[in-house]
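This briefing is meant for a reader who is meeting the structure for the first time. Please look over the sequence and the model before turning to the points that follow.

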Amino acid sequence: MFQSALRTPLRSSGALFPLSRCLKSQTFRRFLSQESRTKIQAAVTEYPVVLFMKGNPEQPMCGFSRGVVKILSAFDIPPEKFKTYNVLEDLELRTGIKEFSEWPTIPQLYVNGEFVGGSDIALSMFQSGELETLLEQHGVIPKASESPS
Ligand SMILES: N[C@@H](CCC(=O)N[C@@H](CS)C(=O)NCC(=O)O)C(=O)O
Ligand code: FES
C-alpha cells in the first residue's frame with residue numbers, strides 16, 4: 001500500500017504538502033459520491049474565500065473555527081468575496097469536505113478554489129505574511145502598495 005501510494009501522481013491543485021496529502025489520499029478516497037464531489041467543487045470555487053467551519057462567523061462553535069474567523073477578520077475581505085459553511089448543520093458536508101480536501105479536520109480554508117489548510121496553517125501563514133500575499137494575488141484584498149494610506 002505504501003509503495004502504491006508513492007506511485008500515485010502528485011496533484012497540481014492545492015498542493016501545499018503534496019507528498020503527505022498524496023499518502024493520505026489512500027485513506028480518504030472512499031465514500032464521496034460524484035454528486036457530493038461536484039457540489040463541493042462548486043462551493044469552493046463560487047467565492048474567492050471559502051471557510052468550512054463549526055458555527056458561523058458571528059457565533060463560532062469551536063475555538064479552531066473561531067481562530068480562522070479571527071485571522072480572516074484582520075483583512076478587510078468584502079462580504080461578496082467570502083462565504084462560510086457551517087458543517088454542524090450538514091453531516092454530509094462535514095464528512096465530504098474531509099475526503100474532498102484529504103484533510104481530516106474542520107476548519108478548512110479555501111482560497112481561489114485551492115485548499116489552504118486548517119487553523120494551524122492559517123495562523124502560520126498569517127504570521128509569515130503568506131496569507132496576505134495569497135489574498136492579494138487573487139484579488140481578494142488590494143495589494144498593500146495600492147491601499148490608500
Ligand atoms: N490543529 C487543527 C485543529 C482542528 C481540529 O482538530 N478539529 C477537530 C475538532 S473541531 C475536528 O475537526 N474533528 C473532526 C470533526 O469534528 O468532524 C487545525 O489546524 O485545524
Ligand atoms: S468542537 Fe471541540 S475542538 Fe472543535
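In which sense, parallel or antiparallel, do strand 1 and strand 4 pair, and over how many bridges? The model is a predicted one, and in it strand 1 and strand 4 (residues 82-86) pair in the parallel sense over five bridges. The points below set this pairing within the chain as a whole, and then turn to the ligand and to some details of the backbone.

**The chain as a whole**

- The protein chain contains seven helices and six strands, and, read from the N terminus on, its elements follow the order α-α-α-β-β-β-α-β-α-β-β-α-α.
- Of the 149 residues in the protein chain, 40% are buried, while the area that the chain exposes comes to about 8,800 Å², with carbon and sulfur atoms supplying 54% of it.
- Among the contacts in the protein chain with a separation of 6 or more, 62% are between residues that stand 24 or more positions apart.

**Strand 1 and its partners**

- Strand 1, which spans residues 49-53, is mostly covered, since five of its five residues are buried, that is, under 20% relative accessible area.
- The cover extends to both faces of strand 1, with V49, L51 and M53 buried on one side and V50 and F52 buried on the other.
- In the parallel pairing with strand 4, V49 has F82 standing opposite.
- Strand 1 also pairs with strand 5 (residues 108-111), this time in the antiparallel sense and over four bridges, and within strand 5 the residue L109 is the bridge partner of L51.

**The surroundings of ligand 1**

- The residues around ligand 1 are K54, C62, F64, R94, K98, T105, I106, P107, G118, S119 and D120, and by character this shell divides into four nonpolar, three polar and four charged residues.
- Two side chains approach oxygen atoms of the ligand: a polar side-chain atom of K54 lies 2.5 Å from an oxygen atom of ligand 1, and a polar side-chain atom of R94 lies 2.8 Å from an oxygen atom of ligand 1.
- For D120 the atom concerned belongs to the backbone, where an N or O atom lies 2.9 Å from an oxygen atom of ligand 1.
- Taken on its own, ligand 1 has 490 Å² of accessible area, and the protein covers 75% of that area.
- The elements that give two or more residues to the shell around ligand 1 are helix 5 (91-101) and helix 6 (119-128).

**Details of the backbone**

- A cis peptide bond, with omega at about 10°, joins I106 and P107, and P107 has its place in the loop between helix 5 and strand 5; I106 and P107 are also among the residues around ligand 1.
- E102, which lies in the loop between helix 5 and strand 5, has a phi near 55°, a positive value in a residue other than glycine.
- Is E102 buried or exposed? E102 counts as buried because its relative accessible area is 6%, where the cut-off for buried is under 20%.
- N112, in the loop between strand 5 and strand 6 (114-117), likewise is not a glycine and has a positive phi of about 55°.
- With a relative accessibility of 41%, N112 counts as partly exposed, because this class takes in values between the cut-off for buried, under 20%, and the cut-off for exposed, over 50%.

How values were computed: Residues numbered from 1 in each chain as written. Chains lettered and ligands numbered in written order. Predicted model: local features only at pLDDT ≥ 70, side-chain atom pairs only at ≥ 80, totals over all residues. Heavy atoms only, no water. Near = heavy atom within 4 Å. Polar contact = N/O pair within 3.5 Å; in protein donor to acceptor, adjacent residues only side chain to side chain. Areas by Shrake-Rupley, 256 points an atom, 1.4 Å probe, with all protein chains shown as cover. Nonpolar A, V, L, I, M, F, W, Y, C, P; charged D, E, K, R; others polar. Buried < 20%, exposed > 50% of the residue type's maximum accessible area, 1.4 Å probe, protein only. Contact = heavy atoms within 4.5 Å. Pairing = 2+ DSSP bridges.
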